[in-house]
Amino acid sequence: MVKDTDDEGGAPTEFAYENHSFSPLRRSRSKSFGLDEDNPVASKSRRVTVEDVADKGDSKRYFEPCPDAGWTLQEGQTSFERYQRYKEGEGEDEWAPFCDKEEWGLAEWLVKSLGQTGTDEFLKLPITQNRTKPSFHNNRSFLQKVDELPHGPAWSCKKVSVKGNRTDENGQSLHEDVELWMRDPVECIKDLIGNPLFKEHMVYAPSRAYQDKAGSQRLIDDMWTADWWWDKQKELPQGATIAPIILASDKTMLSQFRGDKSAWPVYLSIGNIAKEKQRQTSARATVLIGYLPATKLDCFTSDARSLAGYRLFHRCMSLLLEPLVAAGEDGVDMVCADSYIRRVYPILAAYVADFPEQCLIACCKENCCPKCLVAANERGNPLNSLMRDAELTKEILERRRSGQHPVEFDEYGLRAVFKPFWANLPHTDIFMAFTPDLLHQLHKGVFKDHLVKWCLDIVGEDEIDAHFKTIPDYPGLRHFKKGISNIKQWTGTEHKEMQRVFMALITGAVPSQVVIVVRALLDFCYYARLHTHTSESLDALENALTVFHTHKDVLQELAVREHFNIPKLHQLSHYVQSIKLFGAADGFNTELPERLHIDFAKKAYRASNKRDYEEQMVLWLQRQESIFWRTTYLEWYNSDSDDKNEGFDGVPVVSQDIIHVLAKTAPHPRQSVQHLETMHGAIDFLPALKLFLQKHLPHNHIVPGPQDRFDIFRQVVIILPPDPRVSELPKCLRVRATPETLPSSSGRKPGSPKRFDMALVSSDGIQASKALLTLNAAVRVAQVRVLFRLPRQFGAYSRPLAYVEWFTLFREPDELSGLRQISCSTRHLRRNSAVIHVDEIIRPCHLIPKMGQLVNPMWTSANVYELASEFYLNTFIDLETFCMSTTIT
């Protein structure tokens, strides 16, 4: 029995839990295959080191490795290798316990696609029994075979009894029994760090990365390039390997439309795995380790329920993470993904949670910052407050528990949780562990709930809606056809869609000082989303927040805000420190756990009978995990022997050129010049083509005329090389040139508006290359009207062409918004046009007209490019364009 005295005015809170555990797989016949204890000792040459390497792209990265980390002890065998040896020893083929490859494929489909009732119905179909004839005849026998497959760490349950402060009619204290479903986190870490499929994404020692050989330009992206891991390594024995634990927890609703069933999953990943891989939910680099009890605690009175919830959370988290105490102190020998054994110290490094849950973890009230000691009424000021100290906090809580009344207890806004789960976790500073929450703090919080609301109050809902309705089309951009004021349900994606157009939309509609405020916060949002940071980008991030605080008083002068004591706004002051400690913020976004809820909570709940569902959920998850484990094992087993021996060391070669892709066959062949002039608006097509032929085909004597016909393409796909600041993957973009199509006469097929996209084009007539991915004098904006090939009568000319209409060269950026200004380029009162090579197109871009305070009522999204004359280049349309427009490298 554990008893916490309630010093906040309520009754004592008592918890009791059963010491025994039980597994949901009571009928499981999964066989074990142990670790070979006679592993040969590894040679010193196999110690992991990081050398100077060329990064993906034409830039080099220089590394300063940590010499005393990640040493190997001896050779070992991964779980895949041990399972392969076990199967060979048993004389079984790779498909057992299923008969062959086809039956395994059927089993995989049944588990992933059908529930138990559906599986039973399918197996009882005559065609299944008479033709397919699987070795299992009903759902029960099928699941027995599935339960024979290997799976991850087993689930167990601890029952926690909570004694409340309410009494029944007999005067007896009410109590509530809750269940904590859990898996051993150390075993989960062994599975992650030893997964051969993560080998090329796994790092065992920290390094400092630089852009230059002198080491003056720091680079920070993954956790191993940041400061926390490097500094923590000094506290451990020489050669130790740290597994930086990343925890995430978030309560979520399970029932829809009716009912109030909820779950509280806890997820775990490790910083050794590259964040790009962690974000892939299909890779399962983030695993579920427990379900916390999501109870209402009706056995407590309303005034004591909140504190009891705090204490129950910390009690359950202590039980869940208990194995990490000894493992973090002494280390555990683990077989890693490269088949070598290391002494691994699993240490809690980062905790991903929204603001209320951060306060719950930090044992503080929600009107306080969970990271620092800023006063509750000063969170709107740019102060450098003292960070919370874990040891001091534990001391204050202990003094309060012993009956003292330390002044700091109230000054720090603490709750009477006397045994925080993090108190005994070695080498852990829980307050530093809280990472930036891009979804709730930036996209939903500061941007949508505050910045957009302020601008709505200044401009008015009707006018803001009119501005959004007028925004021109862009491939992949959401068009708010009805404005934004009537949207009731928002998602993180919609918040980011608004950010893409908000700067140019609001410029001119609000006072100049408000434009500066908007620009500062949007700059902060975009810099915070970068995947790789440099010293310059971190300075720019900090400067954006400074600019906001310098000019924010205008909002009070306009009476749209009384104060800036906003918790989420204050959290922005901790971003730079967190990025320096743990790496880029995109690796810790709460969007990931919210996406994981679908696979690990909502689908599992739907697979249950909705009664006593927790046990059914973990059993369903364990079977799903068994199928996933076997699938990945078979991929490894059936890979080429060279791949298996080399361990996936190959790095994919990514072209550093800009690639242009057109359809193999033109979807609109033999189109007339008249069609191009009327439907595509290419009114000067023939004169422009004549000039092109004179320049590029001087020996051609055929003059193009109205009789010629051209093969027309709808779009060109442009593949840009990876920008490490934004992504490690190439970027595929589209430039469209499609005329308007009318609805069918029957009305069954709707029509579509014309789409002639804007693009950045090489102004010197040279082929587009990575060097042109910047906004300089060698780049111009053009509207693409026609994508075509020259007919054969003009000779064999393989390069596809485009008819474009030019805009002027970039003028100086707008003084307030920083946006580049351009206008339509004309010659003799006609649009300045030309025929260019398609491969001179660098990428699509987005223009937004200067709307001012009131939008021209004649303008629509479809016609604004024709009616407006002055435009802003929308540099917020995506992160790549944003990076192009800045001087940050």
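**View 1. Strand β10 is covered on both of its faces.** In this predicted model, one side of β10 carries Thr-241, Ala-243, Ile-245, Leu-247 and Ser-249, while the other side carries Ile-242, Pro-244, Ile-246 and Ala-248, and every one of these residues is buried. Since nine of the nine residues of β10 (residues 241-249) are buried, the strand is largely enclosed by the rest of the structure.

**View 2. Strand β10 pairs with β15 and with β12.** Strands of a sheet pair through backbone hydrogen bonds, in either a parallel or an antiparallel sense. With β15 (residues 340-352), β10 runs parallel, and eight bridges join the two. To find your way along this pairing, look for Ile-242, whose bridge partner in β15 is Tyr-345. With β12 (residues 262-270), β10 pairs in the antiparallel sense, over five bridges. A handy landmark here is Leu-247, which stands opposite Leu-268 of β12.

**View 3. Helix α5 is mostly covered.** This helix takes in residues 139-146, and six of its eight residues are buried. The buried ones are Asn-139, Ser-141, Phe-142, Leu-143, Lys-145 and Val-146. What do they pack against? Their neighbours are the helices α2 (101-113), α3 (116-123) and α24 (613-637).

**View 4. Four strands make an open sheet with antiparallel pairing.** Reading across the sheet, the order is β17-β20-β21-β22. The edges are held by β17 (659-661) and β22 (755-756); each has a single partner strand, so one side of each is left without a neighbour in the sheet. At the β22 edge, two bridges join this strand to β21 (residues 731-738), and the pair runs antiparallel. One residue pair to look for is Ala-737 with its bridge partner in β22, Phe-756.

**View 5. Stepping back, the whole protein chain holds 29 helices and 32 strands.** The C-alpha trace spans about 95 × 75 × 65 Å along its principal axes. For 889 residues, a compact globule would have a radius of gyration near 29 Å, and the 31 Å of this chain agrees with that. Of the 889 residues, 55% count as buried. Among contacts between residues at least 6 apart in sequence, 72% join residues at least 24 apart.

**View 6. The surface and the charges of the protein chain round off the tour.** Its accessible surface comes to about 39400 Å², and carbon and sulfur atoms account for 48% of that area. The chain has 108 positive and 118 negative side chains, with the centres of the two sets 6 Å apart.

Technical notes: Residues are numbered from 1 along each chain as its sequence is written. This is a predicted model: local features need pLDDT of at least 70, side-chain atom pairs count only at pLDDT 80 or more; totals for chains, interfaces and linings use all residues. Side-chain values use heavy atoms; hydrogens and water are left out. Two strands pair if DSSP finds at least two bridges between them. The radius of gyration is taken over C-alpha atoms; the globule rule is 2.2 Å times the number of residues to the power 0.38. Buried means under 20% relative accessible area, exposed over 50%, partly exposed in between (1.4 Å probe, protein chains only). Contact means heavy atoms within 4.5 Å. Accessible areas come from the Shrake-Rupley method with a 1.4 Å probe; for residues, only the protein chains shown count as cover. Lys and Arg count as positive and Asp and Glu as negative; His and the chain ends are not counted. The place of a charge is taken as NZ of Lys, CZ of Arg, CG of Asp or CD of Glu.
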